Amino acid sequence: MDNTVNDSAIKKLKLIFTVVDRPKGDFYLDVISQFQVNCQLVMAGKGTASSEIIELLGLNNAKAVILSVAREDQVSPILNTLEEKFHTVRNGKGVAFAVPLSSIIGVNLYRFMSNNRLERGK
């Protein structure tokens, strides 16, 4: 009996939301890309604090919202790395969380999003 793991087995996907100050968006996009994440979307966001509080505290209200589709087995390492960067990168504070994706339409789309592209003929 063969006990090897089948690399082409279906792996669940999760959608990771990362919210950071807009100037740090590209930095965090690159951090997440290191984890075999093929599909990411960056959107401009705005914090909810009033302009008076923003000025008083010297905060930045312009945010980058990064949506990343990752395999479930990569989510913990990604979130751990993001948490570490939030604490160690200057002005690198942020929020990150993941939610499960219940379905994807199309085998090729799933293969792309999970970075699980099979060789032709197999």
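**Strands, cores and aromatic rings in a predicted chain**

Strands β1 and β4 run antiparallel and are joined by seven bridges. Strands count as paired if DSSP finds at least two bridges between them, and the elements themselves are DSSP runs numbered from the N terminus: helices are H or I runs of at least four residues, strands E runs of at least two. Within this pairing, Val20 stands opposite Gly94 in β4. β1 also pairs with β3, in the antiparallel sense, over nine bridges; here Thr18 has Ile66 of β3 as its bridge partner.

This is a predicted model, in which local features need pLDDT of at least 70 and side-chain atom pairs count only at pLDDT 80 or more, while totals for chains, interfaces and linings use all residues. Residues are numbered from 1 along each chain as its sequence is written, and side-chain values use heavy atoms, with hydrogens and water left out.

The chain has four helices and four strands, in the order β-α-β-α-β-α-β-α along the sequence. Its average pLDDT, the predictor's confidence in each residue from 0 to 100, is 82, and 84% of the residues score at least 70. Among the elements, strand β4 (residues 94-100) has the highest mean, 95, and helix α2 (residues 51-57) the lowest, 74. Over residues 1-5 the pLDDT is below 50, and this stretch has zero contacts beyond near neighbours in sequence; a contact means heavy atoms within 4.5 Å. Residues 118-122 are also below 50, with two such contacts. Where pLDDT is low, the predicted coordinates should not be read in detail.

Of the 122 residues, 27% are buried, that is, under 20% relative accessible area; over 50% is exposed and anything in between partly exposed (1.4 Å probe, protein chains only). A nonpolar core is a set of buried Ala, Val, Leu, Ile, Met, Phe, Trp, Tyr and Cys residues joined through side-chain atoms within 4.5 Å. The largest such core has 14 residues, of which Tyr28, Ile32, Val37, Ala70, Ile78 and Leu82 touch the most other members. At least two residues each come from β1 (13-21), α1 (25-33), β3 (62-71) and α3 (72-88), and the largest share, four residues, is that of α3. Leaving aside neighbours within four places in sequence, Val37 is in contact with Ile32, Ser68, Val69, Ala70 and Ile78. A second, separate core has seven residues, among them Leu15, Leu67, Tyr110 and Met113.

Tyr28 also belongs to an aromatic cluster with Phe27 and Phe86. Rings of Phe, Tyr and Trp (its six-membered ring) pair if their centres lie within 6.5 Å; planes under 30 degrees apart count as stacked, over 60 as edge-to-face and the rest as tilted. There are three aromatic pairs by this rule. The rings of Phe27 and Tyr28 have centres 5.0 Å apart and planes at 80°, so this pair is edge-to-face. Tyr28 is buried, at 0% relative accessible area, whereas Phe27 is partly exposed, at 34%.

Another aromatic residue, Phe112, is found in helix α4 (residues 107-113). Phe112 is partly exposed, with a relative accessible area of 37%. Not counting residues up to four places away in sequence, Phe112 touches Asn38 and Cys39. Phe112 and Cys39 are 73 residues apart along the chain, yet their C-alpha atoms are separated by 8.0 Å.
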